[in-house]
Amino acid sequence: MSVSDETPTSSKPTSTMSATGKAKKRIDVAVAFALCGALFSLLIFLYMFKQERDTVIQSFYVQIAEDVALFEQKLTYTYYGMESLQTYFDLAAEDNSVDLSVAARRIVNSSQGIEALLWLPEGQLSPTLFTVSESDLATGHVEQVLVDIFKSDMAVTQVIQLAEKPVLVVSTGQDQQRMLGLLDVGKVMQTSLENSLQNELVVHLFSSTAESDKPIFSMGQGIVAEDSIIDKVITLPDGTELTLSFAATESYLAAKMNYTSVLFLLTGLLLSLLLASYLKRLGLQLTRLKDEQEILSEQMIDTSWNDPLTGLVNRTHFDETLDIECRRAVREFSPLSMILLRIDDFTRYRDHYGVDAADILVQRISETLKSCVSRPGDILARVDDSQFGFILPSTNELVVQLAERCSLAVRTLALPNESEAQDLCVTVSLGVVTLQPTRLLTAERLFDVTKQQLALASEAGGDQYKAYIENNSEPSLTYSV
């Protein structure tokens with residue numbers, strides 16, 4: 001039998017899983033969803049946390065505005081009190097019957113701020129210190145710094161350190177009619193800013209008359225929240241400016257916040273994790289179902305194209321391939337051969353040994369026939385329970401050698417067949433046909449002629465082949481072996 005370089009045009013379809021291109025690695029949807037969910041929850045948390053913090057800080061600003069208004073009100077009352085004292089001071093200079101000390105105590109006590117007064121009565125060369133409340137600001141003698149302020153031409157309010165305390169010196173009058181009021185700034189701040197100080201706030205007092213930028217007085221301590229610092233400027237009646245700098249501590253803000261944003265973050269992360277886990281399970285289940293579907297698809301393809309017992313081409317694919325090869329043989333003007341092989345006495349063998357043994361026999365013979373076919377273009381199929389078919393494109397009368405080889409290979413197996421009257425081995429009968437590429441070469445005719453040859457071999461006792469070789473230049477040859 002000549003070897004053809006041509007392969008058949010029909011072949012078993014390949015599965016999409018066997019594609020040569022490598023599948024692109026896809027991003028895990030569950031992981032992507034978890035990351036997006038976590039990122040979204042984090043962004044919402046940051047936004048809510050900032051809004052909540054800003055709300056607390058704004059509430060802090062409102063409270064500060066009330067305290068600053070009270071502090072400014074007390075300072076204003078102090079200035080009004082000093083103006084009243086200056087009036088009595090002027091009257092006392094004209095009328096000796098006016099008791100300045102009585103008026104001073106009455107007015108100063110109502111102002112709730114002035115701790116001592118400093119003035120120069122008529123006829124004295126140095127100022128006199130008059131204490132109007134129990135305070136350690138006055139020590140029985142006038143501090144030199146007060147004398148310097150009294151004698152200076154400046155009538156601007158100043159803040160000085162006296163007895164290690166910040167003291168607001170309020171000046172009224174002119175020349176010998178001048179009067180200084182000493183105001184305990186710390187005391188005024190503690191009484192007017194009581195609410196702020198109880199809430200762990202930090203307060204710094206700055207004065208426009210101070211020589212340095214450092215605060216002249218501070219209250220409260222703790223870690224300052226930089227985003228809560230607010231400055232309040234107080235302008236005194238004489239034009240002097242005092243600046244109160246307020247700042248909330250981190251502990252104050254932490255105590256005021258309810259941390260709803262944290263709860264939302266934890267809830268968002270938990271939901272993202274649960275949904276991601278759910279999507280992961282769905283993805284794994286979908287992958288498993290796809291794998292099962294691909295396996296079933298391959299099995300269905302194998303079932304539709306191959307015989308499940310032997311793995312050979314089944315009758316459906318055999319008939320389709322035979323029709324294709326017949327038309328191609330005519331088109332390419334090439335001979336086409338076919339062999340039908342049947343196991344002799346297969347029915348009695350199956351009845352004697354059983355169905356399982358018969359299936360094993362079919363498998364053994366199919367493996368043997370596979371070894372006899374060497375060309376890649378040849379087709380070997382199982383066309384019936386005990387019948388096999390060969391489609392051999394581009395062959396000539398040497399096809400009978402393949403029939404002899406197949407018959408000899410089966411006999412060489414020496415498979416016992418006790419269903420016969422005598423102890424014999426399993427044998428096969430073959431029908432062999434080669435047709436030339438004419439208009440008479442059709443799948444129906446080729447199959448029918450081969451089937452007739454097989455029937456002749458079986459009627460002759462089996463274990464042989466009958467061949468019909470058609471030749472265009474010579475009379476057709478009929479072999480009987």
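Contact, as the word is used here, means heavy atoms within 4.5 Å. The structure discussed is a predicted model, and the account below moves from one arginine to the nonpolar cores and then to the cysteines.

Arg53 is found in helix 1, which spans residues 29–94, and with a relative accessible area of 14% Arg53 is buried. Once its neighbours within four places in sequence are left aside, Arg53 is in contact with Ala225, Asp227, Glu250, Leu253 and Met257. To Asp227 there is also a polar contact, made from side chain to side chain at 2.7 Å.

Helix 1 also contributes to the largest nonpolar core, which has 39 residues, and in which Phe60, Phe71, Leu75, Met189, Leu205, Leu244 and Phe246 touch the most other members. Eleven residues of this core come from helix 1, the largest share. Another core lies apart from it and has 32 residues, including Ile343, Val373, Leu392 and Leu430.

The relative accessible areas of three residues named in this report are set out below.

| Residue | Relative accessible area | Class |
|---|---|---|
| Arg53 | 14% | buried |
| Cys372 | 6% | buried |
| Cys425 | 38% | partly exposed |

Why does Cys372 form no bond with Cys406? The closest cysteine sulfur to that of Cys372 is in Cys406, at 4.1 Å, which is too far for a bond, because a disulfide requires a pair of cysteine sulfur atoms within 2.5 Å. A search of the whole structure likewise finds zero disulfides.

Definitions and conventions. Residues are numbered from 1 along each chain as its sequence is written. This is a predicted model: local features need pLDDT of at least 70, side-chain atom pairs count only at pLDDT 80 or more; totals for chains, interfaces and linings use all residues. Side-chain values use heavy atoms; hydrogens and water are left out. Buried means under 20% relative accessible area, exposed over 50%, partly exposed in between (1.4 Å probe, protein chains only). Helices (H or I, at least four residues) and strands (E, at least two) are DSSP runs, numbered from the N terminus. A polar contact is a pair of N or O atoms within 3.5 Å; within protein, one must be able to donate a hydrogen and the other to accept it, and residues adjacent in sequence count only if both atoms are side-chain atoms. A nonpolar core is a set of buried Ala, Val, Leu, Ile, Met, Phe, Trp, Tyr and Cys residues joined through side-chain atoms within 4.5 Å.
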